[in-house]
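Here's a walk through one protein chain, aimed at someone who wants to know which side chains sit where and what they touch. Have a look at the model first.

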Amino acid sequence: MDGNGWLLRNAKSAGGAAIAICVAMCVLSLQARWRQRRKETNGLQHSQNKRSIDAATNDFGKRKNSYTAESIRCGLEELIGRTPLVELRSLSKLTGCCILAKCEMLNPGGSSKDRVALSIILQGEKDGSLVPGGTIYEGTAGSTGISLALLARARGYRCVIVMADDMAMEKETQLRTLGADVRRVRAVSIVNREHFCNVARRLAEEDPKGFYANQFENIANARAHFETTAKEIWDVTCGNINAFVMAAGTGGTISGVAQYLRQRNPDIRVGLIDPPGSSLYLKVQSGVTYTPEQAEARLQRNRYDTITEGIGIDRLTKNFSAGLPFITDAFQGSDQEAVDMAYYLLNHDGLFVGSSSAMNCVGAIRMAECLGPGHVIVTCICDQGYRSMSKLYNKEFLEQRGLRPWHEGIEPSFKSRLNTL
C-alpha cells in the first residue's frame with residue numbers, strides 16, 4: 001500500500017503539473033492572440049484615422065480653393081503685401097488734394113522691406129546662391145534686416161546683420177530678439193572698407209554657405225515693387241492717380257513703382273523727396289550726383305547727419321538708376337519738416353509713423369504745391385514710430401540737434417508754402 005500510495009501521490013503531482021503547464025500555455029496563447037488582435041485593431045484604427053485626416057485635409061484643400069484670396073494665407077510669406085491705401089485726411093484738408101498713403105507698415109515685419117527681403121531670398125533660392133541651411137548677410141539701417149531675420153527664421157536660414165552705430169537702438173534690440181546676429185560698425189562713407197555694406201559683403205564671401213542679400217544693388221529689390229506694390233496701387237485706384245512721391249534709400253520702391261505707373265500712364269508724375277545731405281535731388285534735377293556734404297565721402301567719413309534713417313544716399317544704386325528716367329520731379333525736405341510731419345500726423349490722424357514715412361508725407365505736400373488742388377497723390381507709410389522712439393520721439397535728442405517737436409499753436413514748417421495754393 002505504501003508503494004502504491006507513493007505512486008498515486010506522485011501521479012497526482014505529475015498530473016497537476018501537467019495541468020498547470022497546459023493552463024499556462026493556454027493563458028500565454030490567449031495573451032498572444034489578444035496582443036495580435038489589439039495590434040490589428042490599433043492598426044485598423046490608425047489606418048482609419050489617417051484616412052479620415054487625409055480626407056479632411058483634401059476636403060479643406062477643396063474648400064480653401066473656393067475661398068477668396070483674402071481668406072486664408074499660407075505662412076509668413078503670404079502675409080506680405082496687399083496692404084491698404086488710407087487717405088491722410090489732415091493733409092487732404094490742408095492741400096485740397098486727395099492724399100493717399102500705402103500702409104506698408106502693416107506688413108508682418110512692420111515695413112515695406114518685407115517685399116524686398118522675400119524677393120531677394122526667392123531669387124537666391126532659385127539661382128542657387130542661397131543654399132539650404134545657409135546664412136544671409138546684409139548691411140542695413142535696420143528695416144531690411146528685420147524683414148530678413150523674420151524670413152530667415154521661417155525658411156531655415158541664419159541671419160547676420162551689419163549696421164552703423166548711429167542707427168536707433170530699438171532696431172538692434174528687435175533684430176536680436178528675432179534671432180539675428182547683429183554687428184555694429186562705425187558710420188562711414190561707402191568708399192571706406194568698414195562701411196556696413198562692405199563688411200557684410202566680406203563676411204558673406206568668407207562663409208562657404210554665405211549669401212549676401214545686397215539690397216542696394218540687387219535688382220530683385222525694384223522688381224518686387226514693380227510686380228506687387230505698384231500693381232496694388234494701380235488696381236486699388238483703378239488707375240485714377242496723378243502722382244506718386246517718396247524718398248529713396250536703396251531706390252527700389254520709387255524705381256519699381258515709377259516704372260510700372262508711368263508705363264501705364266506717362267502723364268503720372270513721380271517725385272523724389274530727398275533728406276538733407278543726400279545727392280539724389282541734384283541727380284534728378286541736373287544729372288549731377290553731388291552735394292557739399294558729399295565731399296565728406298572723399299575724406300572717408302559719413303555724410304551729413306540727418307535725423308531720418310534708411311533714406312538719402314550719396315551714390316547711385318542699380319535699383320535707383322533703373323527707375324531714374326521715370327522720375328519727373330525732385331524736392332528737398334528738412335529734418336524739421338520731417339519732425340513736424342510726424343507729430344502732425346500723430347495729433348491729427350492718429351498715425352504713429354517713423355522718420356522716413358514722415359519725410360514721404362512732406363513729399364506729398366511738395367507735390368500738392370506743384371499740382372494744385374483736386375489731384376490724387378499717393379505716398380508710402382513704410383515704417384512705424386516705435387522704431388524711432390530714441391530719436392524722432394525723444395525731446396532731448398531733438399533739442400540737441402536744434403530741432404523741436406511740433407505741437408498745436410505752432411504752424412508746422414511744411415505748411416509755410418501752402419498758403420499760396
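What follows goes from the whole chain down to single residues.

**The model and the chain**

This is a predicted model, so to read it fairly: local features need pLDDT of at least 70, side-chain atom pairs count only at pLDDT 80 or more, and totals for chains, interfaces and linings use all residues. Residues are numbered from 1 along each chain as its sequence is written, and side-chain values use heavy atoms, with hydrogens and water left out.

The protein chain has 13 helices and ten strands; these are DSSP runs numbered from the N terminus, with helices (H or I) of at least four residues and strands (E) of at least two. Of its 421 residues, 50% are buried. Here buried means under 20% relative accessible area, exposed means over 50%, and partly exposed is in between (1.4 Å probe, protein chains only). The accessible surface is about 20,100 Å², and carbon and sulfur atoms account for 54% of that; the areas come from the Shrake-Rupley method with a 1.4 Å probe, and for residues only the protein chains shown count as cover. Among contacts with a separation of 6 or more, 72% are between residues 24 or more positions apart; contact means heavy atoms within 4.5 Å.

**Around Asp383**

Asp383 sits in the loop between S10 and H13. Asp383 is buried but has no salt bridge, and the nearest side chain of opposite charge, Lys171, is 5.8 Å away. (For charges, Lys and Arg count as positive and Asp and Glu as negative, while His and the chain ends are not counted; a salt bridge needs a side-chain nitrogen of Lys or Arg within 4 Å of a carboxyl oxygen of Asp or Glu.)

What does the side chain of Asp383 make a polar contact with? One partner is the side chain of Ser357, at 2.5 Å, and the side chain of Ser356 is joined to Asp383 by another polar contact, of 3.0 Å. A polar contact is a pair of N or O atoms within 3.5 Å; within protein, one must be able to donate a hydrogen and the other to accept it, and residues adjacent in sequence count only if both atoms are side-chain atoms. Leaving aside residues up to four places away in sequence, Asp383 also touches others, including Met105, Gly110 and Val353.

Ser356 belongs to helix H12 (residues 355–371) and counts as buried because its relative accessibility is 6%. With the same kind of sequence neighbours left out (up to four places away), Ser356 touches Glu309, Ile311, Cys382 and Asp383.

**Salt bridges**

Side chains of opposite charge can pair when their charged atoms come close. The structure holds 17 salt bridges, and three of them are listed here.

| Pair | Closest N to O distance |
|---|---|
| Lys391 and Glu309 | 2.9 Å |
| Arg366 and Glu369 | 3.0 Å |
| Arg202 and Glu194 | 3.4 Å |

Lys391 and Glu309 form a salt bridge that links distant parts of the chain, 82 residues apart: Lys391 is in the loop between S10 and H13, and Glu309 is in the loop between helix H9 (280–286) and helix H10 (318–323). Lys391 counts as buried at 13% relative accessibility, and so does Glu309 at 9%.

Arg366 and Glu369 are both buried as well. They are three residues apart in helix H12, so about one helical turn separates them. Arg202, in contrast, is partly exposed at 22%, and its partner Glu194 is partly exposed at 29%. Elsewhere, Lys102, Glu104, Arg115 and Glu232 are linked in a network of salt bridges.

**Helix H5**

Helix H5 (residues 169–177) has Glu170, Lys171, Glu172 and Leu175 as its buried residues. Their cover includes helix H4 (143–155), strand S4 (158–164) and strand S5 (181–185). After H5 comes Gly179, with a positive phi near 100 degrees.

**Two positive phi values and a surface patch**

Arg82 has a positive phi near 55 degrees despite not being glycine; Arg82 lies in the loop between helix H1 (2–66) and strand S1 (85–87). Asn214 also has a positive phi near 55 degrees, and Asn214 is buried, with a relative accessible area of 19%.

On the surface, Leu346, Phe352, Tyr386 and Met389 make a nonpolar patch of about 320 Å². Patches are built from residues with over 30% relative accessible area and no salt bridge, joining like charges within 9 Å and nonpolar side chains (Val, Leu, Ile, Met, Phe, Trp, Tyr) within 5 Å. Met389 is partly exposed, with a relative accessible area of 40%.
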